[in-house]
Amino acid sequence: MNFRQLDISRRSIAFAAALIGTVSLAIGAHAALNMRALDAAKAVSTEVTGSVGQTSRLALVIGNGHYPDASAPLTQSINDARALSSSLRKNGFDVDMVEDASKDDMVRAVNRLKSRIKRDTTVMLFFGGYGVQAGRESYMLPVDAVIWKESDVRRQGVSIEGVLEMMKEQGAKAKLVVVDASRRNPYERRFRSYSHGLAPIGTPDNALILTSASPGKVADDGKGEHSTLVSELLNNLNAQGTAESVFNKTRVAISRASEGDQVPTVSSSLLEDVHFDQAGG
């Protein structure tokens, strides 16, 4: 073998070694890519599996305070909506809060809620503002309501029973409602058949309802930052126990503090325990 042949052999060996190295790197990179893809798939699988069985918690909170027909704004309603929204979020609720809502605002908010309710959803509605009964049904009034007769209430208000029926039709697991609207308002004295407060609110299956006063009664807000109802509700909201016990404690505290002048109403058809605090379930 001459020097030329030896040089060719060395170059062939070097080329072969380089080729083998390149192939090895390619195989290693492909294997690493497959491992990353497998790890990603496992992560997605874990995330999806972890969410199965978890109950969603939705809340629509409406605080209406600035009514053009009122002699003064209901500043407590806005404060109440903000404080309650904050507390509910801390307890795992996905909250949609609306302030000084027009009729269109309220309808859109209810429709947003409707689109998100699933079979395992616990849903809460809070309304603070003016409420009026018409035809034995209770209505939440938007801030742009123009009301001179009872038929205006049905046309421009939003029915509480109607929202509850929507929740039922969507298959909500549990329905919680707090209505702080049993106030003296500037509308009802315009009606020929004048009536105070709210009508009894029908309770569908698996629902819990708290109103600030007994049917046909009105309540004063007091002079604090929050209304009497929401002030006591916030005091009890983070306590251990069921939602029904929270509502009942609120009712008893207000009744005692007012010496029976204001007696909130609690109506329940719950079929299972519901908790506000996440630790309770």
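**Salt bridges and aromatic pairs in a predicted model**

A network of salt bridges links Lys149, Asp152 and Arg155, a salt bridge being a side-chain nitrogen of Lys or Arg within 4 Å of a carboxyl oxygen of Asp or Glu. The structure is a predicted model, in which local features need pLDDT of at least 70 and side-chain atom pairs count only at pLDDT 80 or more, while totals for chains, interfaces and linings use all residues. Residues are numbered from 1 along each chain as its sequence is written, and side-chain values use heavy atoms, with hydrogens and water left out. Searching the whole structure gives ten salt bridges and four aromatic pairs.

**Salt bridges**

- Within the network, the side chains of lysine 149 and aspartate 152 meet at 3.4 Å, N to O; lysine 149 is partly exposed at 46% relative accessibility, whereas aspartate 152 is buried at 3% (buried means under 20% relative accessible area, exposed over 50%, and partly exposed in between, with a 1.4 Å probe and protein chains only).
- Arginine 184 and aspartate 220 form a salt bridge whose closest N and O atoms are 2.8 Å apart; because arginine 184 lies in the loop between β7 (174–180) and β8 (207–211) and aspartate 220 in the loop between β8 and α6 (228–237), the pair ties together parts that are 36 residues apart in sequence.
- Both partners of that bridge are exposed, arginine 184 at 54% relative accessibility and aspartate 220 with a relative accessible area of 55%.
- Aspartate 96 and arginine 112 also meet in a salt bridge (2.8 Å, N to O), which links strand β2 to helix α3 (residues 103–116) across 16 residues; helices (H or I, at least four residues) and strands (E, at least two) are DSSP runs, numbered from the N terminus.
- Aspartate 96 is partly exposed at 23%, and arginine 112 is likewise partly exposed at 39%.

**Aromatic pairs**

- The rings of phenylalanine 93 and phenylalanine 276 form a tilted pair, with centres 6.3 Å apart and planes at 40° (rings of Phe, Tyr and Trp, the last by its six-membered ring, pair if their centres lie within 6.5 Å; planes under 30 degrees apart count as stacked, over 60 as edge-to-face and the rest as tilted).
- This pair joins the loop between α2 (75–90) and β2 (94–99) to the segment after β9 (265–268), its residues lying 183 residues apart; phenylalanine 93 is buried at 5% and phenylalanine 276 at 1%.
- Phenylalanine 276 also forms a tilted pair with phenylalanine 247, the centres being 5.9 Å apart and the planes at 40°; phenylalanine 247, in helix α7 (residues 243–257), lies 29 residues from phenylalanine 276 and is buried at 0%.
- Ring pairs also link Tyr67, Tyr130 and Tyr187 into a cluster.
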